[in-house]
Amino acid sequence: MPNVRPRRPRVLALCVLLGGSALAACASDVAGTPVPAAGFMEHPETTQTRSAIATPPRIPDPRGEVDPCTLLSPADLAPVGGAAGPPHPGSPVPGACAHLLGGHPDNTAAAGFHEPFPVLAQRQPRGVEVDVHGYSSWLYCESVTGYQTCTAATAIRSDRSLLTMLSLKDASAADTADRLFGLTSAALRKLPPG
């Protein structure tokens, strides 16, 4: 009988990106400043550095929460490789739900709810503030073990952010961020008024 490893979402990449200090030593730094991809920045003049984060973040209409595993549908995941198996609730962090994707074995998309926007922005000083349909979003990309992983923390309330993540093997930061914008937009549309 062959030894088959069950496919699990890439937990390391998101933990590193969200500030998992115990795992931070495993990440390789990417030189330079992240540049928002198409879609993440409708108004180029709104790019902010860490010292100029919107205070408070822009939240045009506060949003509530739903089951994180319903934030990304099979149709939403089709442009990034499609779902490859069932969703994984509580992964890669509590309050999120990861979906393995077709293509490379560990390609992963995730969505869920996490800490407030300013907290995540502080943990990722090399990220950039971008606009997602009028909401402040903190975009951060990093390459970890050959996978380009981008996260977006979108302010939906003062105490909560919508977290989206995409990790793709051998992809550029710009391409991954552009595809993540589509996932973030899809998840944001599914949130009820808060």
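Cys141 and Cys150 are joined by a disulfide, with the two sulfurs 2.0 Å apart. This is a predicted model, and the protein it shows has 194 residues, 48% of which count as buried. Here's a quick tour, taking in the disulfides, the sheet, the helix that packs on it and one aromatic pair.

**Disulfides**

- The count comes to two disulfides, and going along the chain the bonded cysteines follow the pattern 1-2, 3-4.
- The link of Cys141 and Cys150 is right-handed, with 110° about the S-S bond.
- Both ends of that link are tucked away: Cys141 is buried at a relative accessible area of 12%, and Cys150 is buried at 0%.
- The other pair is Cys69 with Cys97, at an S to S distance of 2.1 Å.
- Here the S-S torsion is about 90°, so the Cys69 to Cys97 disulfide is right-handed too.
- That pair links distant parts of the chain, 28 residues apart: Cys69 sits in the loop between helix H1 (11–17) and helix H2 (74–77), while Cys97 belongs to strand S2 (residues 96–100).
- Cys69 has a relative accessible area of 18%, which still makes it buried, given that the cut-off is under 20%.
- Its partner Cys97 is buried as well, with a value of 0%.

**Overall layout**

- The protein has four helices and seven strands.
- Walk along the sequence and you get α-α-β-β-β-α-β-β-β-β-α.
- If you take contacts between residues at least 6 apart in sequence, 65% of them join residues at least 24 apart.
- About 8600 Å² of the protein is exposed, and carbon and sulfur atoms supply 59% of that area.

**The sheet**

- Seven strands make up an open sheet with antiparallel pairing, in the order S1-S2-S3-S7-S6-S5-S4.
- The edges belong to strand S1 (88–89) and strand S4 (128–132); each has a single partner strand, so one side of each has no neighbour in the sheet.
- S2 runs antiparallel to strand S3 (residues 108–114), and five bridges hold the pairing.
- If you want a spot to check in S3, look at Ala109, the bridge partner of His99.

**The helix on the sheet**

- Helix H4 (residues 173–189) packs on the sheet and touches S3, S4, strand S5 (135–144), strand S6 (147–157) and strand S7 (160–169).
- The direction of H4 makes about 140° with that of S7.

**The aromatic pair**

- The count here comes to one aromatic pair.
- Phe117 and Trp138 are the two residues, arranged edge-to-face with 6.3 Å from centre to centre and 85° between the planes.
- Phe117 lies in helix H3 (residues 117–123) and Trp138 in strand S5, so the pair ties together parts 21 residues apart in sequence.
- Phe117 is buried, with a relative accessible area of 1%.
- Trp138 is buried too, at 0%.

Notes
Residues are numbered from 1 along each chain as its sequence is written. This is a predicted model: local features need pLDDT of at least 70, side-chain atom pairs count only at pLDDT 80 or more; totals for chains, interfaces and linings use all residues. Side-chain values use heavy atoms; hydrogens and water are left out. Helices (H or I, at least four residues) and strands (E, at least two) are DSSP runs, numbered from the N terminus. Buried means under 20% relative accessible area, exposed over 50%, partly exposed in between (1.4 Å probe, protein chains only). Contact means heavy atoms within 4.5 Å. Accessible areas come from the Shrake-Rupley method with a 1.4 Å probe; for residues, only the protein chains shown count as cover. A disulfide is a pair of cysteine sulfur atoms within 2.5 Å. Two strands pair if DSSP finds at least two bridges between them. Axes are lines fitted to C-alpha atoms, for helices over the stretch in contact, and angles run from 0 to 180 degrees between N-to-C directions. Rings of Phe, Tyr and Trp (its six-membered ring) pair if their centres lie within 6.5 Å; planes under 30 degrees apart count as stacked, over 60 as edge-to-face and the rest as tilted.
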